[in-house]
Amino acid sequence: MNARFLFLVCCSLMLACQPMDLSRLKERITIRRAGADMPAYIHGNGSEGTFLIVLHGAGSFGLAFREGIFKDHLEEDYAVVYFDQRGQGMAQGNYEEPDPNDPDAPHLVDEMALDIMALAWALEEKFGEDIDIFLLGHSFGGLLGTRIVSDPVYAPTFTGWINVAGLHNLAIADSARAVEMTTIAEEEIALDHRTRDWQALADKINALEASDENYHWDILDCARTATRYAKEEGLTSAEQVSSALIWETFFNNNPINWKVSDHFQHPVDVARESQYSLSAVLSNIQLPTLLLYGKYDFSVPLIFGRENLNLIGSQEKALVILEKSAHHPFLSQPEEVLQEISSFIELYR
């Protein structure tokens, strides 16, 4: 609670002005802590006091999600908060990262989790402590969200947790990708679907040595190939990317700022190099939890969704497998994802 108190003292002037019309929110606030200035964009309907914080993956940005089901539907009923994480999107700052050789220094994931907690506390200060805050994390954002909701100090701030294709154990990520790809390859070969290509891919994966220094990058290269095969076979639906996303990427988010920040894929690389894992604390999660994973996701395989379901402590949990999706189910199966998210929020808010 000390961190919360200090944050709110520092930000009290920033949060002094209350919005006049909560049903048509269009706010931008800046979270400033530990040398970083991180913008949060609040859009939608906050009149019922329901807020959804969206945590993007590594190398992405908050407003990348402000299209499709988020902008056209979720904002109609809830206030959606799009957050640019430390060193990404339009976040800025001059700060030193935690020293990985210092046992007393926080891990970068822990530092970024505290940034998100500062955002949640700011929302409570601005809109009232009785608001319902749901947390949604995609990919690396799923790791950040898991770090938060598995912490008994942080978790009570939130009403529910939505994990979309989220990681939680970097120590097994590459081996999990290899297993998932060879499993799908065997299924397709058994069906006599593109047999030569899938067999060649399976042989390539099996020939790789986990001890090789290039193993991670070779597995990712195989994952790109497997994703392409699944798309070309029609196993996955086309991802519906709008012109709004292109606009947000190159105009509202300045790529030069990304380069200056030098943080594009850095968080996930730090987590991978340190073998960061939250598997041991999944049992601490007591919040209602919705898990959304694509069947053909070779970046964050379905294995992670199943382990989440088996290990988290909450009795209110569900795993939804999107049968026609890869890594971005909100783009490939938007109607199904919208239905699941809306039903979950309505059930628990």
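Strand S1 (residues 25-33) and strand S2 (residues 36-44) run antiparallel and are joined by 9 bridges; strands are DSSP runs of E with at least two residues, helices are runs of H or I with at least four, and both are numbered from the N terminus. Two strands count as paired if DSSP finds at least two bridges between them. This is a predicted model, in which local features need pLDDT of at least 70 and side-chain atom pairs count only at pLDDT 80 or more, while totals for chains, interfaces and linings use all residues. Residues are numbered from 1 along each chain as its sequence is written, and side-chain values use heavy atoms, with hydrogens and water left out.

Within the S1-S2 pair, Glu 27 lies opposite Ile 42 of S2. The two strands form a hairpin with 2 residues between them, and Ala 34 in the turn has a positive phi of about 50°. S2 also pairs with other strands. With S4 the pairing is antiparallel over 5 bridges, and Tyr 41 has Tyr 82 of S4 as its bridge partner. With strand S5 (residues 92-93), S2 shares 2 bridges, again antiparallel; here Asp 37 is partnered by Gln 92. Of the 9 residues of S2, 8 are buried, so the strand is largely enclosed by the rest of the structure. Buried means under 20% relative accessible area, exposed means over 50%, and partly exposed lies in between (1.4 Å probe, protein chains only).

From S4 (residues 79-83) the path leads to strand S3 (residues 50-55), as these two pair in the parallel sense over 5 bridges. Val 54 of S3 stands opposite Tyr 82, the residue of S4 that is also the bridge partner of Tyr 41. S3 is joined to strand S6 (residues 132-138) by 6 bridges, also in a parallel arrangement, with Thr 50 facing Asp 132. In S3, 6 of 6 residues are buried. Thr 50, Leu 52 and Val 54 point one way from the strand, and Phe 51, Ile 53 and Leu 55 point the other way.

S3, helix H2 (residues 68-77) and S4 make a right-handed β-α-β unit; right-handed means that, with the strands pointing away from the viewer, the path from the first strand over the helix to the second runs clockwise. His 56 sits in the loop between S3 and H2. Its relative accessibility is 0%, so His 56 counts as buried. Among the residues that His 56 touches, leaving aside those up to four places away in sequence, are Phe 61, Phe 83, Asp 84, His 138 and Phe 140; contact means heavy atoms within 4.5 Å.

The helix packing remains. Two packed helices are described by the angle between their axes and the distance between the axes. Axes are lines fitted to C-alpha atoms, for helices over the stretch in contact, and angles run from 0 to 180 degrees between N-to-C directions. The axes of H3 and helix H4 (residues 140-149) come within 9 Å and cross at roughly 75°, and H3 and H4 are therefore roughly perpendicular to each other. Angles of 65 to 115 degrees count as roughly perpendicular, under 35 as roughly parallel, over 145 as roughly antiparallel and the rest as oblique. Residues in this contact include Ile 116 and Met 117 of H3 and Leu 143 and Arg 147 of H4.

Helix H3 (residues 108-127) also packs against helix H10 (residues 266-273), at an angle of about 135° with the axes 9 Å apart. H3 and H10 are therefore oblique to each other. Leu 108, Val 109 and Met 112 of H3 make the contact with His 266, Pro 267, Val 270 and Ala 271 of H10.
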